[in-house]
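Welcome! Open your viewer, keep the sequence panel at hand, and get ready to select a few residues one after another.

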Amino acid sequence: MIFGRVAAGPGQRKEKNMIEDLCQLAHEGAVLALRVTPKAARNTVAAQPGGPIRVSVTAVPADGKANAAVIKLMSKALGVPKSRLAIIKGGQGRDKWLKIL
């Protein structure tokens, strides 16, 4: 399930966020592999079978803004509070490991 509109008709606004529902992955202690794209046109979360979860954020990768945006977006997708998520590897790169506390 994806939250948000995928396409807009005439006279409708396009939805800025497309977030896949990943509640089935939200288990305490789980570590998720992410591939992050900063400075994207819209915020998106998409699971890849057999690969990392693709996360695109509109935030710039400076002063931790993109990491904060990733935490916020994954919080919505997983249905858990932001305080239960932590980036445990890849804080400065595109490939990250996200742990559910």
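The stops below go from the whole chain to single residues.

**Before you start**

This is a predicted model, in which local features need pLDDT of at least 70 and side-chain atom pairs count only at pLDDT 80 or more, while totals for chains, interfaces and linings use all residues. Residues are numbered from 1 along each chain as its sequence is written, and side-chain values use heavy atoms, with hydrogens and water left out.

**Stop 1: the whole chain**

Show the protein as a cartoon. You should find 1 helix and 7 strands, in the order β-β-β-β-β-α-β-β from the N terminus. Helices (H or I, at least four residues) and strands (E, at least two) are DSSP runs, numbered from the N terminus.

Now switch on the surface. About 6,200 Å² of the protein is accessible, and carbon and sulfur atoms account for 52% of that; accessible areas come from the Shrake-Rupley method with a 1.4 Å probe, and for residues only the protein chains shown count as cover. Of the 101 residues, 29% count as buried. Here buried means under 20% relative accessible area, exposed means over 50%, and partly exposed lies in between (1.4 Å probe, protein chains only).

**Stop 2: the core**

Select Leu-34, Val-45, Ile-53, Val-55, Met-74, Leu-78 and Leu-85, the residues with the most contacts inside the largest nonpolar core, which has 21 residues. Such a core is a set of buried Ala, Val, Leu, Ile, Met, Phe, Trp, Tyr and Cys residues joined through side-chain atoms within 4.5 Å. Strand S3, strand S5 (53-56), helix H1 (65-78) and strand S7 (95-100) each give two or more residues to this core. Which element gives the largest share of this core? H1 does, with 7 residues.

Centre the view on Leu-34. Leaving aside residues up to four places away in sequence, Leu-34 touches several others, among them Pro-52, Ile-53, Val-70, Met-74 and Leu-98. A contact means heavy atoms within 4.5 Å.

**Stop 3: the paired strands**

Colour S3 (residues 31-37) and S5 (53-56). These two strands run parallel and are joined by 4 bridges; two strands pair if DSSP finds at least two bridges between them. Next add strand S4 (residues 43-46), which pairs with S5 in the antiparallel sense over 3 bridges.

Click on Ser-56 in S5. Ser-56 is the bridge partner of Thr-37, and Ser-56 is also the bridge partner of Thr-44. Then follow the hairpin of S4 and S5: there are 6 residues between the strands, and Gly-50 takes a positive phi near 75 degrees.

**Stop 4: the salt bridge**

How many salt bridges does a search of the whole structure find? The search finds 1. Select Asp-95 and Arg-35, whose closest N and O atoms are 3.0 Å apart. A salt bridge is a side-chain nitrogen of Lys or Arg within 4 Å of a carboxyl oxygen of Asp or Glu. The pair links distant parts of the chain, with Asp-95 in strand S7 and Arg-35 in strand S3, 60 residues apart. Asp-95 is partly exposed at 49% relative accessibility, and Arg-35 is partly exposed at 28%.

**Stop 5: two loops**

Most residues other than glycine have a negative phi. Select Lys-39, in the loop between S3 and S4: although not a glycine, Lys-39 has a positive phi of about 55 degrees. Lys-39 is exposed, at 61% relative accessibility. Move on to Asp-63, in the loop between S5 and H1. Asp-63 also has a positive phi, near 55 degrees, and is exposed at 78%.

**Stop 6: the helix**

Is Ala-77 buried or exposed? Ala-77, in helix H1, is buried, with a relative accessible area of 0%. Ala-77 touches Ile-19, Glu-20, Asp-21, Leu-22, Cys-23 and Val-45, not counting residues up to four places away in sequence. Draw a distance from Ala-77 to Glu-20: these residues are 57 apart in sequence, and their C-alpha atoms are 6.1 Å apart.

Now select Ala-68, also in H1. Ala-68 is partly exposed, at 45% relative accessibility.
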